Amino acid sequence: MTFEIKHRDAMGRIGILNINGKKIETPTIMPVIHPNPKKQIVSMDLIKKLADVIITNSYITYRTKHLREIAEEKGIHKLIGFDKVIVTDSGSFQLGVYGEVDVEPLEIIEFQEKIGVDVGTILDIPTPPDVDRDRAESELEETLKRAKASIEIKNAQNGGVVTAILANAFDEGLIDGAIVMVDDKWTLEPESYLALSKEDVLKSAGSKYLWKGPILKALKTAVMEKKLRKLAVVGTPCVINAIYQILSSDNDLLKPFREAIRLKIALFCFETYDYSKMIKKLSEDGIEPWEVKKMDIEAGKLKITLINGNTVEYKLKDVEFAMRNGCKVCGDFTGLTSDISVGNVGTEKGYSTVLIRNKWGEGFFKRAVYNGYITYDENVDLDAVKKLAELKRKRVKED
Ligand SMILES: Cc1cc2nc3c(=O)[nH]c(=O)nc-3n(C[C@H](O)[C@H](O)[C@H](O)COP(=O)(O)OP(=O)(O)OC[C@H]3O[C@@H](n4cnc5c(N)ncnc54)[C@H](O)[C@@H]3O)c2cc1C
Ligand code: SF4
């Protein structure tokens, strides 16, 4: 979002707000629109002429089955019939009026993301003006916590399942550390990272497709220096297989690692890219590392989403030169030796496909479900997962 100032007078400024490539000239009006087109009194044709931005309610949309289905399938802009900027409220008003709402703070954030709102809102606590200081302070503290968590879960790659499992595990003391991956948002340089809290896990969400340096560096720190004994490890299938080998070994030197690792989560993986080669390619194509918001592999393409909302797509064969050599001889797509495998193929946008492989995986997953961190259904296209797994195996044979 940017704000280009056109004129100033004393403390006043007028200008142009640019949100997701859509412009709003200030001052402006922001009509309140009912998400159900049948309940919208003023015609949308008139609204479109008058306004560059409207506000509607994501909680009502979420709670009304047919509105939710349309919004999830076609997006909020199609539901409302307005292609300019849409701001959504989150259910805080209903929380203030009725005292409770039937949605979790992060659930409504994820829903707003999923239906493509331009500006979403957190489920803040609507503190009445006449309450005592203690209550006001504690409610503000809760609102700040939610705001922070909401910003960070936005980084989740797909349905945020990996982050949710780990966040719940920290909440419940099931783990005292998690080996994940972070990257430097300026250089995109990835780094093995020891998360020591739920907040650390939220910060580390999102897939890192670039590979540089020792991938399990943080595991040594966790076990040998910090003496942690309840660890989760997240990694690509090759990394999880290395962990599996450690757990299966009877080498005495590896005993502290064997005793410390509780959970192995594999991320589906078709390939990763050498950091330097990919950064060079992006730079040749005029893309600076800090402009990259997210990378995905989807439908045979590497899709790069930029912070300005634009996307750049490469056919996988066009970036094959940057693929790590090890990936060319790797036939494991889902992480066969993990406790839980998670990927995007097989489910729609905004969801994760989860394969639970054993009772440890089931325990961690089900406790996160029980505590409201995850909702799930069985509606997964397993054939799509099998197809990619087969494709990857075939690639090895052909090489
Ligand atoms: C290199 C790579 C290639 C992938 N290719 C595919 C694919 O072809 N098809 C497919 O369906 N899915 C693929 N995935 C998986 C997909 O991108 C998501 O990671 C997965 O769906 C989990 O999403 P989520 O929203 O639940 O994860 P989030 O809640 O965002 O959590 C992801 C967690 O994984 C950690 N992490 C991210 N990258 C790495 C990494 N490289 N090594 C170790 N930990 C990491 C993060 O720190 C975070 O804790 C790939 C992932 C990676 C990293
Ligand atoms: S393709 Fe295989 S070797 Fe390459 S990162 Fe993925 S799991 Fe590891």
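In the predicted model, helix α8 meets helix α15 through Ala164, Ile165, Asn168 and Ala169 on the α8 side and Phe364, Phe365, Arg367 and Ala368 on the α15 side. The residues of this contact comprise 6 nonpolar, 1 polar and 1 charged. The packing angle between α8 and α15, the latter spanning residues 359-370, is about 80 degrees, and their axes lie 9 Å apart. Because angles of 65 to 115 degrees count as roughly perpendicular, the two helices α8 and α15 are assigned to that class.

Helix α8, residues 161-171, also contributes 8 residues to the largest nonpolar core, the largest share of that core. The core consists of 58 residues, and those with the most contacts inside it are Ile165, Ala178, Ile179, Leu231 and Ala232. Ile165 thus appears both in this group and in the contact of α8 with α15. For Ala178, residues up to four places away in sequence being left out, the contacts are Leu166, Ala195, Val201, Leu231, Ala232 and Val234. Another core, of 22 residues, lies apart from the largest one and includes Ile33, Tyr62, Leu79 and Leu106.

Ligand 2 is surrounded by Thr236, Pro237, Cys238, Cys269, Glu271, Thr272, Arg324, Gly326, Cys327, Cys330 and Asp332. Two or more residues of this shell are given by each of α11 (237-248) and α14 (325-328). By residue class, the shell around ligand 2 divides into 5 nonpolar, 3 polar and 3 charged residues.

How values were computed:
Residues are numbered from 1 along each chain as its sequence is written. Chains are lettered from A and ligands numbered from 1 in the order in which they are written. This is a predicted model: local features need pLDDT of at least 70, side-chain atom pairs count only at pLDDT 80 or more; totals for chains, interfaces and linings use all residues. A nonpolar core is a set of buried Ala, Val, Leu, Ile, Met, Phe, Trp, Tyr and Cys residues joined through C-beta atoms within 7 Å. A residue is buried if 20 or more other C-beta atoms lie within 10 Å of its own, exposed if 12 or fewer, and partly exposed in between; C-beta atoms are placed from the backbone. Helices (H or I, at least four residues) and strands (E, at least two) are DSSP runs, numbered from the N terminus. Two residues are in contact if their C-beta atoms, placed from the backbone, lie within 7 Å. A residue is near a molecule or strand if its C-beta atom, placed from the backbone, lies within 6 Å of it. Ala, Val, Leu, Ile, Met, Phe, Trp, Tyr, Cys and Pro count as nonpolar, Asp, Glu, Lys and Arg as charged, and the others, Gly among them, as polar. Axes are lines fitted to C-alpha atoms, for helices over the stretch in contact, and angles run from 0 to 180 degrees between N-to-C directions. Angles under 35 degrees count as roughly parallel, over 145 as roughly antiparallel, 65 to 115 as roughly perpendicular and the rest as oblique.
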